[in-house]
Amino acid sequence: MADGAYDRAATYDAILARNPSARFIVRPARVCPRTDSDHLANQRDLHVLAVDEHGRMNWQKASSYNTRSKVEAAISRYKRVIGDTLKSRHDTRRATEVAIAIKSLNRMNQLGRAIFTRIA
């Protein structure tokens, strides 16, 4: 999932090059569907047509596009608390570094989350 800044042919090509069966949800720009014969544009065209037919807000609900904001909030929280750079230079160490950071953030969220009890 991504915002409209990623509504580019190069983005779709890169995503599908890594995983041809990927399903991506990118808010389409306010333009008509591409008319070329490129099969990579099919998902985007369907999103554009759905926005035209049902409206942007209904498309966001139907495609679960609004979950993107929750992901962006989590990434923002990670960058504010942990930082936006990794210290390690090797991929396996970076994976471990990220796993430790995520576990720490989850623990902080668990400790700081309010527990509500219904009284009535």
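**Entry 1: Gln60**

I started at Gln60, which sits in helix H3. The model is predicted, and I kept that in mind throughout. Is Gln60 buried or exposed? Gln60 has 11% relative accessibility, so I logged Gln60 as buried; the cut-off for that class is under 20%. Next I looked up its contacts, skipping neighbours within four places in sequence. Two residues came up for Gln60: Tyr65 and Asn66.

**Entry 2: H2 against H3**

I stayed with H3 and turned to its packing with H2. Two packed helices are described by the angle between their axes and the distance between the axes. I took both values for this pair. Helix H2 spans residues 42–54, and helix H3 spans residues 56–63. Their axes come within 7 Å and cross at roughly 125°. That angle makes H2 oblique to H3. I also checked the hand of the crossing, and H2 and H3 cross in a right-handed sense.

Which residues meet there? From H2 I noted His47, Ala50, Val51 and His54. From H3 I noted Arg56, Asn58 and Trp59. Sorted by class, this H2 and H3 contact holds 3 nonpolar, 3 polar and 1 charged residues.

**Entry 3: Leu46**

I then picked Leu46, a residue of helix H2. Is Leu46 buried or exposed? Its relative accessibility is 58%, so Leu46 counts as exposed; the class needs over 50%. I ran a distance check from Leu46 to Gly83. The two are 37 residues apart in sequence. In space, C-alpha to C-alpha, Leu46 and Gly83 are 37 Å apart.

**Entry 4: Val26**

Where does Val26 sit? I found Val26 in the loop between helix H1 (9–18) and H2. Val26 is a loop residue, yet I had to file Val26 as buried, because its relative accessibility is 3%. I listed what Val26 touches, again leaving out neighbours within four places in sequence. The list for Val26 is Ala2, Asp3, Tyr6, Asp7, Tyr12 and Trp59. Trp59 had already appeared on the H3 side of the H2 contact. I took one C-alpha distance as well: Val26 and Thr11 are separated by 9.9 Å. Along the chain, Val26 and Thr11 are 15 residues apart.

**Entry 5: Ser64**

I moved to the loop between H3 and H4, where Ser64 lies. Most residues other than glycine have a negative phi. Ser64 is not a glycine, and its phi is positive, near 60°. I flagged that backbone value for Ser64. Ser64 has a relative accessible area of 40%, so I entered Ser64 as partly exposed.

**Entry 6: Arg68**

Arg68 is in helix H4. Is Arg68 buried or exposed? The relative accessible area of Arg68 is 17%, so Arg68 is buried. What does Arg68 contact beyond four places in sequence? I wrote down Met1, Ala2 and Asp3. Ala2 and Asp3 were also on my list for Val26. I checked the separation of Arg68 and Ala2: the two are 66 residues apart along the chain. Their C-alpha atoms are separated by 6.8 Å.

**Entry 7: H4 against H5**

I repeated the axis check for H4 and H5. The two axes come within 11 Å and cross at roughly 105°. H4 and H5 are therefore roughly perpendicular to each other, as the angle falls within 65 to 115 degrees. H4 brings Arg77, Tyr78 and Val81 to this contact. H5 meets them with Val98, Ala101, Ile102, Leu105, Met108 and Asn109. By class, I recorded 7 nonpolar, 1 polar and 1 charged residues for H4 with H5.

**Entry 8: Ser88**

My last stop was Ser88, in the loop between helix H4 (67–81) and helix H5 (91–112). With neighbours within four places in sequence set aside, Ser88 is in contact with Arg93, Arg94 and Glu97. What links the side chains of Ser88 and Glu97? I found a polar contact between these two side chains, at 3.0 Å.

Conventions:
Residues are numbered from 1 along each chain as its sequence is written. This is a predicted model: local features need pLDDT of at least 70, side-chain atom pairs count only at pLDDT 80 or more; totals for chains, interfaces and linings use all residues. Side-chain values use heavy atoms; hydrogens and water are left out. Helices (H or I, at least four residues) and strands (E, at least two) are DSSP runs, numbered from the N terminus. A polar contact is a pair of N or O atoms within 3.5 Å; within protein, one must be able to donate a hydrogen and the other to accept it, and residues adjacent in sequence count only if both atoms are side-chain atoms. Contact means heavy atoms within 4.5 Å. Axes are lines fitted to C-alpha atoms, for helices over the stretch in contact, and angles run from 0 to 180 degrees between N-to-C directions. Angles under 35 degrees count as roughly parallel, over 145 as roughly antiparallel, 65 to 115 as roughly perpendicular and the rest as oblique. A crossing is left-handed if the near helix is turned anticlockwise from the far one by less than a right angle, and right-handed if clockwise. Ala, Val, Leu, Ile, Met, Phe, Trp, Tyr, Cys and Pro count as nonpolar, Asp, Glu, Lys and Arg as charged, and the others, Gly among them, as polar. Buried means under 20% relative accessible area, exposed over 50%, partly exposed in between (1.4 Å probe, protein chains only).
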